[in-house]
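Student: Hi! Could you walk me through the ligand site and the empty spaces in this one?
Tutor: Sure, let's bring it up.
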Amino acid sequence: MDRTYLDWPFFSPEHRDLARELDAWLPHGLKGLAHGHTTGRVDATCRDLVQRLAQAGFTRYAVPGAYGGALATLDSRSLCMIREHLAYHEGLADFAFAMQGLGSGAISLAGSEALKADYLPRVAQGRAIAAFALSEPEAGSDVGAMAMSARRDGDAWVLDGEKTWISNGGIADFYVVFARSDSISRGAKGISAFVVDANTPGLSIAERIEVIAPHPLARIRFDSARIPATHLLGEEGGGFKLAMQTLDIFRSSVAAAALGFARRALDEALSRAKSRRMFGATLGDLQLTQAAIGEMATLIDSAALLTYRAAWQRDMLGERATREAAMAKMTATENAQIVIDRALQMFGGQGVKSGETVEKLYREIRALRIYEGATEVQKLIIARETMKG
Ligand code: COS
């Protein structure tokens, strides 16, 4: 993996140390990991990964320092660096790490002291698996169309409705759930956020969803699920903004994961170019291959620059990096798709054989262009932010 980017001015010595730590851990840290496509096997592998990442100390980067985190506040560059490295080696490891951050992010940002103290240390230590429940069957890109309801009843909130495409659905210990807490029937206003324990009566897994790159994913039902009133996150009606603030942090980390997949694809392509013989030369001697490699390397660097610019801006300038995170997410995921496709092409028939690294990357990258805001949503966000200026 190209390491020269670590000399870019976005990083501090601590980030370079973290990259070294990841490099030292990864070859043995993922050894013996069970693979398999069945729901049960994938669940077990994800639980195993959360334990391994926690023992190595990496999940501590998913929460703030006061609650067992590695650094005082959530550090976007560290999140990106960890996701990039994990994705390079194993997509499920990236997934397991990312979800600890995304699933607990709204608690870190807006939780009461009691909620933070209860949930965040367990996330950091791998004792609780987190999930983020925003999308609904009729409200994906259009978050404001959500219908799930939250009704106040004495010292409780009562939740009714359905959430879908929920990563970690089925294995999570708790869900951060967004629901409509007043009578306004649509739009951003009136949405609130709650922490819901997985064992809450009335919460059930309606369907486990199987996808091209297997990971725990589910549709979840809430039938008069009662949670304590204290499990409201932030202010009543502040849920939409809280969801957007959480996504502002984690979208640049999705970009970093795409970058890790793309870097792996380029490395696979380079070794193929050197070893594969054809037309009396190597694949890499052919100018068409050189053109592909030139394009791939540039797509990767442009994605990396936007990714770490967004992370640096959030960390160092303390500014809302909505536009920058959207640019990074859109560019890095789209570029990675092209890079991986080019790499697969260089493997010819072998590239589509099940179990090949490029075949796996080809399946892994696709969802990243959709989740946490599809490319089309990122374009909309970038345009709106740009037109404000
Ligand atoms: N940070 C803080 N506040 C934000 C914000 C952000 N990043 N983005 C929007 N808001 C605020 C707006 O300022 C507005 O506040 P006011 O009413 O006080 O002016 C409010 O939230 C509503 O914003 P907006 O009008 O832009 O909402 P829209 O309904 O038009 O939705 C998009 C905007 C499409 C950008 C949003 O629904 C979205 O991000 N969709 C994709 C969702 C997603 O990523 N899903 C994946 C789930 S996780 S796998």
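Tutor: We'll go through the ligand, then a pocket, then the cavities, keeping in mind that this is a predicted model.

Student: Great. How many residues surround the ligand, and which are the closest?
Tutor: The ligand is surrounded by 22 residues, and the closest are Ser141, Lys241, Asp248, Arg251 and Arg384.

Student: What does Ser141 offer the ligand?
Tutor: A polar backbone atom of Ser141 is 2.7 Å from a nitrogen atom of the ligand. With Asp248, an N or O atom in the side chain is 2.9 Å from a ligand nitrogen. Thr322 has a side-chain N or O atom 3.4 Å from a nitrogen atom of the ligand.

Student: And how much of the ligand's accessible area does the protein cover?
Tutor: On its own the ligand has 1,000 Å² of accessible area, and the protein covers 72% of that.

Student: Which elements give two or more residues to that shell?
Tutor: Helix H6 (239–275) and helix H10 (375–388) do. H6 gives the largest share, seven residues.

Student: What's the mix of residue classes there?
Tutor: The shell divides into nine nonpolar, six polar and seven charged residues.

Student: Okay, new topic. What's the volume of the second largest pocket?
Tutor: That pocket has a volume of about 160 Å³. Its lining includes Met278, Leu283, Asp341 and Arg342.

Student: Which helices supply at least two residues of its lining?
Tutor: Those are helix H7 (287–317) and helix H8 (322–346). The largest share, four residues, comes from H8. By class, the lining of this second largest pocket has six nonpolar, two polar and two charged residues.

Student: Now the cavities. How many of 30 Å³ or more are there?
Tutor: A search of the whole structure finds two. The largest cavity has a volume of about 90 Å³, and the second largest cavity has about 30 Å³.

Student: What lines the largest cavity?
Tutor: There are 13 lining residues, with Thr39, Ile209, Glu210, Pro214 and His215 nearest its centre. Helix H2 (residues 39–55) provides the largest share of that lining, three residues.

Student: And which residues line the second largest cavity?
Tutor: Among them are Ser76, Ser252, Ala310, Arg314 and Asp248. You met Asp248 earlier, as one of the closest residues to the ligand.

Student: Oh, nice link! Which element gives the largest share there?
Tutor: H7 does, with three residues. By class, the second largest cavity's lining has four nonpolar, two polar and two charged residues.

How values were computed. Residues are numbered from 1 along each chain as its sequence is written. This is a predicted model: local features need pLDDT of at least 70, side-chain atom pairs count only at pLDDT 80 or more; totals for chains, interfaces and linings use all residues. Side-chain values use heavy atoms; hydrogens and water are left out. On a 1 Å grid over the protein atoms alone, a cavity is a set of points where a 1.4 Å probe fits but cannot get out, and a pocket is an open set with protein on both sides within 12 Å along at least five of seven lines; lining residues have an atom within 4 Å of a point. Grid points are joined across faces, edges and corners, and a volume is the space filled by probe spheres set on the points. Ala, Val, Leu, Ile, Met, Phe, Trp, Tyr, Cys and Pro count as nonpolar, Asp, Glu, Lys and Arg as charged, and the others, Gly among them, as polar. A residue is near a molecule or strand if one of its heavy atoms lies within 4 Å of it. A polar contact is a pair of N or O atoms within 3.5 Å; within protein, one must be able to donate a hydrogen and the other to accept it, and residues adjacent in sequence count only if both atoms are side-chain atoms. Accessible areas come from the Shrake-Rupley method with a 1.4 Å probe; for residues, only the protein chains shown count as cover.
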